[in-house]
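Colleague: I should like to learn how helices and salt bridges are read from a model. Please take me through the features in turn.

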Amino acid sequence: MTTALPFLQVDVFASTAFRGNPLAVIAGADALSAAQMAQIANWTNLSETTFILKPRDPQADYHVRIFTPHGELPFAGHPTLGTAHVWRTLGGQPKSDVIMQECGVGLVPVREREGRFSFAAPPRRRSGPADAATVAKAAAALRLNAGDVIAAEWADNGPGWLALRLRSREAVLAVQPDWNAFDGMKLGLVGAWDPARDGDAAQFEVRALYSEGNGRGFEDPVTGSLNAAIAQWLIGGGFAPSHYIASQGAVLGRAGRVFVEQDEGNIWIGGTVVTRIHGTITP
């Protein structure tokens, strides 16, 4: 007999209802094969679907596998926060003062404070400035001149992001990508808000753009992994304060808010998580 499993769909990094980044989470998924997980993630057709398993590492509270509709990721930000929220909603109790998530990049601490979940940004697998040819290729895919890019740095903590600093929030929102020129690139854009023009609800605007080739391009509503690597770059380079808020998703009609905080040697990436659907799924 097939056993129904807990299924929750949550809204991550949401400042208002249904304007964050949705995530499907399936708990008690230990009996599912990787092929079954991949098929379910393809069926939900959300940017990510996660599966909560019993931990393998004795330090971990749970083990999570993260799938897109087309494959598995070693780490992703909004799935980390959404999964921690679901694990707690279903009665999970951490072994210490943080929730310890086990995933493809190892152990990721998650803390719960002031109604938000935050994860400690994992080390970047690749960092440092991008070469001129790569910057020129990325700029062309964004329909920009290379001179429009203040700086470009690798921001790869799993998904493979290349981050580009533009001159303003306005410049970030104005980008209209040429998906045919992306050639599989994953590009993150960041630009500072002007308090006089943009207000003070956030300090930076972020966009996440990626392609799977053949002219098929996508924009992610709110992206924890990208914001984590951008924060490491900006704070580490003195381009941002130790605490700031990033806005993401405006072009898609979303209102994501990512809370960045440097504390005790870590950069924490946080946001509000709200359950929108709570039921069961029959694999």
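The dialogue below treats one helix and then several salt bridges.

Modeller: This is a predicted model, in which local features need pLDDT of at least 70, side-chain atom pairs count only at pLDDT 80 or more, and totals for chains, interfaces and linings use all residues. Residues are numbered from 1 along each chain as its sequence is written, and side-chain values use heavy atoms, with hydrogens and water left out.

Colleague: What should helix H2 span, and how far apart are its end C-alpha atoms?

Modeller: Helices (H or I, at least four residues) and strands (E, at least two) are DSSP runs, numbered from the N terminus. The expected span of a helix is 1.5 Å times one less than its number of residues. For the 13 residues of H2 (residues 77-89) this gives 18 Å, and the end C-alpha atoms are 19 Å apart, which agrees.

Colleague: How many residues of H2 are buried?

Modeller: Buried means under 20% relative accessible area, exposed over 50%, and partly exposed in between (1.4 Å probe, protein chains only). In H2, 11 of the 13 residues are buried, among them Leu81, Val86 and Trp87.

Colleague: Which residue forms a salt bridge with Arg56?

Modeller: Side chains of opposite charge can pair when their charged atoms come close. A salt bridge is a side-chain nitrogen of Lys or Arg within 4 Å of a carboxyl oxygen of Asp or Glu. Arg56 pairs with Glu102, with the closest N and O atoms 3.0 Å apart. Arg56 is exposed at 60% relative accessible area, whereas Glu102 is buried at 7%.
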